[in-house]
Amino acid sequence: MIGLLDLIRDYPKKGCWTIGYLLIHPMYRNQGLGSKFVKDLEMSLSASRLRCVVQKQNVRGLAFWKSNGFLITSQKKEALGA
């Protein structure tokens, strides 16, 4: 397996798709595959809204999503592992 994409339909509201996870096997990273997955997904969903959640400490993940045209629309602080 090269990668895994977890996609949730109609969350948090109808007409919105949320990416839960996008994972690429370490041997295949930095080859543009993640960006290709995202572009193909955007094309297949056409007019639907696509969103993802990135933890603030995931600097590389945040840079990846920004480089693929995603915008920060909100930020909130959550206690993890409480």
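Tutor: Residues count as buried under 20% relative accessible area, exposed over 50% and partly exposed in between (1.4 Å probe, protein chains only). This is a predicted model, where local features need pLDDT of at least 70, side-chain atom pairs count only at pLDDT 80 or more, and totals for chains, interfaces and linings use all residues. Residues are numbered from 1 along each chain as its sequence is written, and side-chain values use heavy atoms, leaving out hydrogens and water.

Student: Which class does Leu-4 fall into, and why?

Tutor: Leu-4 sits in strand S1, residues 3–9; strands are DSSP runs of E, at least two residues, and helices runs of H or I, at least four, numbered from the N terminus. Because its relative accessibility is 40%, Leu-4 counts as partly exposed.

Student: Which element gives the largest share of the largest nonpolar core?

Tutor: Such a core joins buried Ala, Val, Leu, Ile, Met, Phe, Trp, Tyr and Cys residues through side-chain atoms within 4.5 Å. The largest one has eleven residues, among them Val-38, Trp-65 and Phe-70. S2 (16–24), H1 (33–45) and S3 (49–52) each supply at least two of them. The largest share, four residues, comes from S2.

Student: Which residues make up the covered face of S3?

Tutor: Arg-49 and Arg-51 lie on the uncovered face of S3. The other, covered face holds Leu-50 and Cys-52.

Student: Which residue in S3 stands opposite Trp-17?

Tutor: S2 and S3 run parallel, joined by four bridges; pairing takes at least two DSSP bridges. Beyond neighbours within four places in sequence, Leu-45 is in contact (heavy atoms within 4.5 Å) with both Trp-17 and Leu-50. Opposite Trp-17 in S3 stands Leu-50.
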